[in-house]
Each structure stands twice: as structure tokens, then as C-alpha cells.
Amino acid sequence: MESARPGGAPPGAGPGSFPALFPPGLHGIYGECRRLYPEQPNPLGGPDPLDYVSMYRNLGNPALNVPEHWHYVSFGLSDLYGDNRVHEFTGTDGPSGFGFELTFRLKRETGESAPPTWPAELMQGLARYVFQSENTFCSGDHVSWHSPLDNSESRIQHMLLTEDPQMQPVQTPFGVVNFLQIVGVCTEELHAAQQWNGQGILELLRTVPVAGGLWLITDMRRGETIFEIDPHLQQERVDKGIETDGSNLSGVSAKCAWDDLSRPPEDDEDSRSICIGTQPRRLSGKDTEQIRETLRRGLEINSKPVLPPINAQRQNGLNYDRAPSRKDSLESESSAAIIPHELIRTRQLESVHLKFNQESGALIPLCLRGRLLHGRHFTYKSITGDTAITFVSTGVEGAFATEEHPYAAHGPWLQILLTEEFVERMLEDLEDLTSPEEFKLPKEYSWPEKKLKVSILPDAVFDNPLH
């Protein structure tokens with residue numbers, strides 16, 4: 001991937017013209033930036049994995065109580081070249097590349113004459129995740145960062161994503177590009193987005209000027225959450241929203257594993273289980289795509305609680321196959337190592353043991369209360385292997401777990417069907433998961449009559465599986 005030249009401006013960029021060597025896919029995006037910033041034709045920028053990150057000074061809108069700020073725009077998640085060097089060209093009607101570019105709005109501090117460069121590094125990190133995982137972002141998605149975005153002592157340690165309030169979608173020679181804005185949020189606001197939905201929290205942030213305001217401008221010096229600024233927001237908006245709507249979070253990448261306790265340990269036939277320290281058979285490409293779709297849709301509102309079919313086609317016209325030089329983390333480097341979908345039969349299990357690290361385990365109550373009690377499903381996809389665990393309710397169509405056989409596996413993908421009565425009981429038993437300060441690892445929960453066991457384990461168990 002080409003890098004930006006020193007200074008970061010697109011090569012040859014200047015007022016009113018596009019040079020012959022100017023990447024054609026950049027015309028529409030750069031033109032949209034020029035529309036907003038006609039007096040700033042040569043913005044700053046930075047390289048790899050994004051081609052450019054442009055930085056502009058935005059004067060805001062005093063009439064709308066929008067403060068002056070720095071506006072950052074990425075170039076490279078969309079297809080800039082159309083020659084398959086980075087993205088496969090699929091036509092002009094669908095998305096260009098991944099279909100979006102990132103933007104970020106940072107409040108300008110008094111006397112600040114140049115934009116801080118750390119947001120460009122932040123955007124590069126998010127872009128690196130997209131390229132490596134093939135998971136795309138949507139408006140309303142959240143990103144758990146667990147560190148101040150600018151490496152300071154700030155409470156702004158996570159991100160939500162939404163449509164940029166000024167930049168409109170553009171049609172390029174290689175497809176359509178949307179602009180997703182990064183919005184910095186506090187931990188409490190992230191948790192509220194997980195338990196309810198990202199769009200709901202974004203709307204609340206828009207109503208609080210110091211927390212983002214109309215254009216959702218991030219202020220790294222913000223010391224209070226929206227719930228501390230206005231305590232009524234939690235009870236009157238978020239809690240009622242969770243009760244009424246449930247959670248729109250349908251899946252997370254996590255540290256997790258599962259064991260089939262139905263068979264003795266020495267029986268390793270037919271992809272018995274995914275256990276720590278074993279070499280499991282891999283997910284087929286079709287199963288991989290189904291789980292990807294569950295995770296990719298993340299916080300999107302599900303009109304119907306339906307799992308994608310096993311033979312689901314790629315959605316939105318995007319092709320998520322990578323260039324040969326990039327390794328797919330969900331597939332083997334050798335296609336011969338992947339078992340064909342037709343050769344993996346679905347197995348009913350009698351007893352299962354689920355394993356999560358503390359961060360993943362803390363989301364189980366959200367999974368149960370915000371998803372299953374609303375007739376939906378929730379998927380954990382392992383970040384260290386092919387393991388996937390999907391919890392489903394009796395209202396979910398397309399699942400291979402049933403009330404008669406509530407534990408079922410398709411290769412390394414486990415589905416667990418839980419009745420509403422059992423979910424209510426589990427919520428009572430797992431109540432201490434929401435109090436991490438009182439939590440000591442390892443922790444085990446067991447329901448013998450259901451033949452189900454859940455363990456919350458230290459991160460080291462998943463990071464060093466052979467220990």
C-alpha cells in the first residue's frame with residue numbers, strides 16, 4: 001500500500017485540479033473534503049495502513065453551539081486505485097473497498113495552532129483491525145479500547161461510530177464511500193451502549209454539549225459522563241430502553257473456549273470439542289462467513305431474530321476475501337486444512353463446559369437479559385482460535401440447537417439454546433459477574449441438572465493454552 005509523501009498531503013494535490021497520477025478513487029473523497037475546506041487544499045497526513053489521514057481546522061457553528069475543532073479524514077479503507085492492489089474491484093454500483101472512510105472531530109484547545117497527530121495513529125489502528133479481521137464498521141458500533149485515546153489520564157477510553165454530520169456519501173469510479181465518525185466515550189457510556197444500543201447513546205451525547213453536542217465532537221478533557229452530568233438519563237432513557245428494546249449487540253470477539261463433556265477425554269473423533277491445548281478442526285468457509293455476519297452486524301437493529309443460514313452469501317455486495325499476501329485469521333494458510341462444510345455433521349451434545357475470561361464473562365448477563373429474553377441470539381467468537389459460542393433463545397430461527405437437543409456443535413461452532421425460565425435462573429446465579437471489584441478468579445458456575453458448567457478464568461489461560 002502506498003504511503004503519503006512527507007507532510008501527508010495527497011501527491012500533487014492543489015487547488016482546483018487533479019493530477020494525472022492522482023488515484024482516481026480519491027477524487028470523490030478529496031472533493032468532498034475540498035467542499036468543506038476550500039481554503040485548506042493541502043492538509044497534513046500520515047502513512048500505512050491508510051494511504052492518507054487528512055487534518056483540517058473546522059470553525060464549528062456558534063449558532064448551533066458547535067465549538068471549533070480539528071477534523072480528521074482517512075483515505076484507504078475505500079478503494080483508491082481500482083487495480084486490485086489493495087481492494088478487489090467489484091463494480092461501481094456497490095461499496096468501494098470496505099465501503100467507508102473514518103473521520104474524527106477533536107475539540108481545539110485555546111491557542112492550539114496545529115492539530116495533534118495522535119488521532120491519525122488511532123485511525124491507523126482501527127484501519128489495521130479492519131484489514132486484518134475483515135470486520136467492517138457500521139453506524140452505532142462500539143469499539144472497546146480500554147485506554148485513553150490520547151495516552152493521557154483522560155476518561156475517554158472507548159469509541160462509538162456514527163455518520164459524519166457534514167460529509168455526505170460520495171460516488172467514486174470504484175463504488176460508494178460513506179463516512180463514519182469516531183466518537184470518544186467514557187467506560188460507563190460504552191457499557192450503556194452495549195446493554196442498550198449505540199444509536200441510543202449517540203442521541204443522548206448529542207443532547208449534552210460538553211459531551212459531544214450536535215456534531216459529536218470529542219473533548220479529551222471531559223471529566224464527567226453524561227450520566228453524571230444528567231443523572232436522569234440513566235433511569236429515564238437507558239434503563240427504560242433496555243427494558244423495552246433489549247440490546248442490539250449480537251456478537252463480540254472474545255477470549256473463550258468450550259469442552260464437550262459428553263465424551264471421555266481420549267475420544268477425539270469427529271472434531272470432539274474445542275479445548276485448550278488441542279488442535280481443533282477448523283471452521284468451514286461457510287460457517288466462518290455466518291459467524292462473521294453475526295459479528296459484522298454488531299449493533300445493527302435486527303428486525304427478525306434469525307441466524308444467517310449456513311449457506312449465507314456475502315451481504316452488501318462486499319467481497320471479504322483478502323489479497324494473497326494477507327493471512328485470514330479464521331482460515332488456514334492452506335485450504336487443504338479446512339474440512340469441507342459437507343463433511344462436518346452437526347452433533348448433539350449431552351453436557352458442555354464454557355470458558356471465558358473475565359471481560360467476556362461480564363457480558364453474559366447482557367447476553368441473557370438484553371438478547372435472549374428478547375427472543376434474540378448472541379455470539380462469542382474466539383480471538384485466539386476458531387472457537388465460536390452462540391447462545392440462542394427459543395424464538396430464533398435457523399439454529400441447529402433445539403429444545404430437545406439444546407447443545408449442538410457444527411465443527412468448532414457451539415450453539416446453546418436456553419429457555420426463558422432457565423435464563424431467569426442463570427441471571428440470578430450470575431449476578432456477581434456485574435461486580436468485578438469483588439470477583440476472584442477462577443470462578444465456576446454449575447447447573448448439574450442442565451449439564452452445563454461455566455468457568456471464568458484468567459487471561460493467561462487463553463494466552464498460553466498449553467499451560
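Begin this tour of a predicted model by selecting E424, which has its place in helix α10, the helix that spans residues 420–429. With a relative accessible area of 38%, E424 counts as partly exposed, because the term covers values between 20% and 50%. Keep E424 selected and add E420, E428 and E431, since these residues together with E424 form a negative surface patch.

From α10, move along the chain to the loop that lies between α10 and β16 (443–447), where P442 is found. Show the backbone here and look at the link between L441 and P442, which is a cis peptide bond with an omega of about -5°. For context, most peptide bonds are trans, and most residues other than glycine have a negative phi.

The next two stops concern phi. Select N84 in the loop between β2 and β3, and note that its phi is near 70°, a positive value in a residue other than glycine. N84 counts as partly exposed, at 47% relative accessibility. Then go to L216, which lies in the loop between α4 (198–206) and α5 (226–229); phi of L216 is near 55°, again a positive value in a residue other than glycine. Is L216 buried or exposed? Its relative accessible area is 2%, and L216 is therefore buried, as the cut-off for that term is under 20%.

Now turn to strand β2, and select residues 69–75. How many of the residues of β2 are buried? Seven of its seven residues are, so that the strand is mostly covered. In a regular strand the side chains alternate between the two faces of the sheet. Colour the two sides of β2 separately, with H69, H71, V73 and F75 on one side and W70, Y72 and S74 on the other, and you will have marked two faces that are both covered, as all of these residues are buried.

To see what β2 pairs with, add strand β1, residues 52–58, which pairs with β2 in the antiparallel sense over seven bridges. Which residue of β2 is the bridge partner of S54? Select V73 to find that partner, and recall that V73 is also among the buried residues on the side of H69, H71 and F75.

Finish by adding strand β3, residues 95–107, which runs antiparallel to β2 and is joined to β2 by five bridges. Here W70 stands opposite L106 in β3, while W70 itself belongs to the side of β2 that also holds Y72 and S74.

How values were computed
Residues are numbered from 1 along each chain as its sequence is written. This is a predicted model: local features need pLDDT of at least 70, side-chain atom pairs count only at pLDDT 80 or more; totals for chains, interfaces and linings use all residues. Side-chain values use heavy atoms; hydrogens and water are left out. Buried means under 20% relative accessible area, exposed over 50%, partly exposed in between (1.4 Å probe, protein chains only). Helices (H or I, at least four residues) and strands (E, at least two) are DSSP runs, numbered from the N terminus. Two strands pair if DSSP finds at least two bridges between them. Patches are made of residues with over 30% relative accessible area and no salt bridge: like charges are joined within 9 Å, nonpolar side chains (Val, Leu, Ile, Met, Phe, Trp, Tyr) within 5 Å. Accessible areas come from the Shrake-Rupley method with a 1.4 Å probe; for residues, only the protein chains shown count as cover. A salt bridge is a side-chain nitrogen of Lys or Arg within 4 Å of a carboxyl oxygen of Asp or Glu. Lys and Arg count as positive and Asp and Glu as negative; His and the chain ends are not counted. The place of a charge is taken as NZ of Lys, CZ of Arg, CG of Asp or CD of Glu.
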